[in-house]
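Student: I should like to learn how to read helix packing and pockets in a structural model. Could we work through an example together?

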Amino acid sequence: MTLKQAARARKILGRIGAVIIIVFFAAVLDSCVARFREPLFTVHLLPGASELVEGQVDHELKDLSLLRVEASHAGVQLKIERFQTGYWLGGNMWIGAISAAADAAAGTYDLRVFAAGKPPDTPVAAFRAHVYPDYPALRKSFLSVIRRTFDISPGRAALACIPLLAAVLGALYLLSRKVERLMAGQGRAEVFMLKAAPGGIEVYFGLGRRHGAEPGMAVQICEENGRLICAAVVRQADDANAMAFAAGGPEKLPHGALVVLGGAAEKID
């Protein structure tokens, strides 16, 4: 792989990584917005389907027979299955499922849970079940734009982005190292840090003594396309990196600016 090919591949991978990051945060945002827009204690069902629900009750209530469920229609029922300690804050919870009969008509159904020892007209939990005639109708009800459009859970979309992004970042790292090696072989390196100094700027780059950079050496600072920006003189150099001083140089350099050890810079993209 040539330098131009490696640099072009790195640029493409960088754009792909940016797209993946945008998709990840868009999926997270879509999931959060859909969750906050969804009314509490609401379930969406197809005939013959069910969905788990839960509710809080007093600590001393441990017998399922002390809970009573009222449903607005026999086609949609709530069955309480067990008690359980709360996941985060403790407390006594009941766990159950709202089920729609296979022949349940499309519509909205109300279900209420009453507990012994509480006012008979005050439920301890109230749910609303929306039953849809078919999956396309159910899909249109999704508040998540991603799920409604692509029929994919936004949470799963966000999770899928993580290994993809990891693979892209890994490949990007390897390509960046290859570009650095190929450029160093030609006596060039990208500027990785700038510091203001009296009378000019200090330019730090990844070429050291093993690449031929020595204090007192004149270098060129160029744009990525090879256009000369200014000249500089190496002041410090170790085995892998060096610092050059540019008298009266610009306070900022364009993205991808290069330091060239002698000669004119070649465009790499």
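The dialogue below takes up overall form, helix packing and pockets in this predicted model.

Student: How many helices and strands are there in the protein chain?

Tutor: The protein chain holds four helices and 13 strands. Its radius of gyration is 32 Å, whereas the globule rule gives 18 Å for 269 residues, so the chain is more spread out than a compact globule. The C-alpha trace spans about 90 × 40 × 30 Å along its principal axes.

Student: How is the packing of two helices to be read?

Tutor: Two packed helices are described by the angle between their axes and by the distance between those axes. Here, helix H1 (residues 3–37) and helix H4 (residues 154–185) have axes that come within 8 Å and cross at roughly 160°. Because angles over 145 degrees count as roughly antiparallel, H1 is roughly antiparallel to H4. The crossing in which H1 passes H4 is left-handed.

Student: Which classes of residue make up the contact of H1 with H4?

Tutor: The contact of H1 with H4 comprises 26 nonpolar, four polar and two charged residues.

Student: How does one locate pockets, and what is the volume of the largest pocket?

Tutor: Rolling a probe the size of a water molecule over the atoms shows where empty space is left. In this model, the largest pocket has a volume of about 1100 Å³. It is lined by 28 residues, of which Arg-35, Glu-38, Thr-42, Glu-51 and Arg-147 are the closest to its centre. The elements giving two or more residues to this lining are H1, strand S1 (42–45), strand S2 (50–57) and H4. By class, the lining of the largest pocket divides into 15 nonpolar, seven polar and six charged residues.

Student: Which residues are closest to the centre of the second largest pocket?

Tutor: The second largest pocket has a volume of about 700 Å³. Of its 31 lining residues, Arg-10, Ser-176, Val-179, Glu-180 and Glu-190 are the closest to the centre. H1, H4 and strand S8 (188–197) each give two or more residues to the lining, and H4 supplies the largest share, eight residues. The lining of the second largest pocket has 14 nonpolar, seven polar and ten charged residues.

Key
Residues numbered from 1 in each chain as written. Predicted model: local features only at pLDDT ≥ 70, side-chain atom pairs only at ≥ 80, totals over all residues. Heavy atoms only, no water. Axes fitted to C-alpha atoms, helices over the stretch in contact; angles between N-to-C directions. Parallel < 35°, antiparallel > 145°, perpendicular 65-115°, else oblique. Left-handed = near helix turned anticlockwise from the far one by under 90°. Nonpolar A, V, L, I, M, F, W, Y, C, P; charged D, E, K, R; others polar. 1 Å grid on protein atoms, 1.4 Å probe; cavity = no way out; pocket = protein on both sides within 12 Å on 5 of 7 lines; lining within 4 Å. Points joined across faces, edges and corners; volume = space filled by probe spheres on them. Rg over C-alpha atoms; globule rule 2.2 N^0.38 Å.
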